[in-house]
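Visitor: I like to see each label justified before I accept it. Will you take me through this one, value by value?

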Amino acid sequence: MNESGHDILSLFGNKAPVPLGPKDPPSLASISLPSILADYSHELSESLQVPYEMVLCNLFGVLSTVAQRRFQIQVKDGYHESLNLYLEVMGWTRPYINSLAFSQR
């Protein structure tokens, strides 16, 4: 409730929220990478049985960490910023993979 005693959500009535962007993010498979990075990402995603985008996001994080001390961006005169990517990768577990992991102990 706000100061006037009205519930803020009730001010919108029964209107559905307006989506801010596409429902599903675009695929990163169309990004042109150097062949060694593209091959590594595809092979690793197949080996781990995870989406290609998950591997690619982690690869970008590694490359960002390597480059952050060597390169800087000059935002304005007298202000430099290092290259940083703040990434979050969310995944899911698959029951049969978990059962395999526990059965081998």
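Guide: Start with contact: it means heavy atoms within 4.5 Å. By that rule, take the contacts in the protein chain between residues at least 6 apart in sequence: 37% of them join residues at least 24 apart. Keep in mind that this is a predicted model.

Visitor: How do you know where confidence is highest and where it is lowest in the protein chain?

Guide: By the mean pLDDT, the predictor's confidence on a scale from 0 to 100. Helix H1 has the highest, at 91. Helix H3, residues 95-103, has the lowest, at a mean of 55. The protein chain averages 78, and 76% of its residues score at least 70.

Visitor: What is the pattern of the protein chain along the sequence?

Guide: It reads α-α-β-β-α. That makes three helices and two strands.

Visitor: How many of the residues count as buried?

Guide: Of the 105 residues of the protein chain, 11% do. About 9,500 Å² is exposed, and carbon and sulfur atoms supply 59% of that area.

Visitor: How do you know what span to expect for H1?

Guide: Count 1.5 Å a residue, using one less than the number of residues. H1 runs from 35 to 48, which gives 14 residues and an expected span of 20 Å. Its end C-alpha atoms are 20 Å apart, so the two values agree.

Visitor: What about the span of H2?

Guide: H2 has 16 residues, so 22 Å is expected. The end C-alpha atoms of H2 are 22 Å apart, and that agrees too.

Visitor: Which residues of H1 are buried?

Guide: Ala 38, Ser 41 and Ser 45. Seen down the axis of H1, the buried residues fall within an arc of 65°, so they line one face of the helix. The general rule is that an α-helix has 3.6 residues a turn, so residues three or four places apart point the same way. On the other side of H1, Ser 35, Ile 36, Glu 43, Glu 46 and Ser 47 are exposed.

Visitor: What do the buried residues of H1 pack against?

Guide: Helix H2, residues 52-67. In turn, the buried residues of H2 pack against H1. Among those buried in H2 are Tyr 52, Val 55, Leu 56 and Leu 59.

Visitor: Why is Ser 41 called buried?

Guide: The cut-off is under 20% relative accessible area. Ser 41 has 0%, so the label holds. Leaving aside neighbours within four places in sequence, Ser 41 is in contact with Tyr 52, Val 55, Leu 56 and Leu 59.

Visitor: What does the side chain of Ser 41 reach?

Guide: The backbone oxygen of Leu 37, at 2.9 Å. The limit for a polar contact is within 3.5 Å.

Visitor: Why does Ser 45 count as buried?

Guide: Its relative accessible area is 6%, so Ser 45 is buried by the 20% cut-off. Residues up to four places away aside, Ser 45 touches Val 50, Pro 51, Tyr 52 and Val 55. A polar atom of the Ser 45 side chain lies 2.9 Å from the backbone oxygen of His 42. From Ser 45 to Leu 56, C-alpha to C-alpha, is 8.8 Å, with the two eleven residues apart in sequence.

Visitor: Is His 42 buried or exposed?

Guide: Neither. Buried means under 20%, exposed over 50%, and partly exposed in between. His 42 has 38%, so it is partly exposed. His 42 and Glu 53 are eleven residues apart along the chain, and their C-alpha atoms are separated by 9.5 Å.

Visitor: What makes phi of Gln 49 stand out?

Guide: Its sign. Most residues other than glycine have a negative phi. Phi of Gln 49 is positive, near 60°. Gln 49 follows H1 and sits in the loop between H1 and H2.

Visitor: Which accessibility label does Gln 49 get?

Guide: Its value is 41%, so Gln 49 counts as partly exposed.

How values were computed. Residues numbered from 1 in each chain as written. Predicted model: local features only at pLDDT ≥ 70, side-chain atom pairs only at ≥ 80, totals over all residues. Heavy atoms only, no water. Helix = DSSP H or I, 4+ residues; strand = E, 2+ residues; numbered from the N terminus. Buried < 20%, exposed > 50% of the residue type's maximum accessible area, 1.4 Å probe, protein only. Arc of directions from axis to C-beta. Polar contact = N/O pair within 3.5 Å; in protein donor to acceptor, adjacent residues only side chain to side chain. Areas by Shrake-Rupley, 256 points an atom, 1.4 Å probe, with all protein chains shown as cover.
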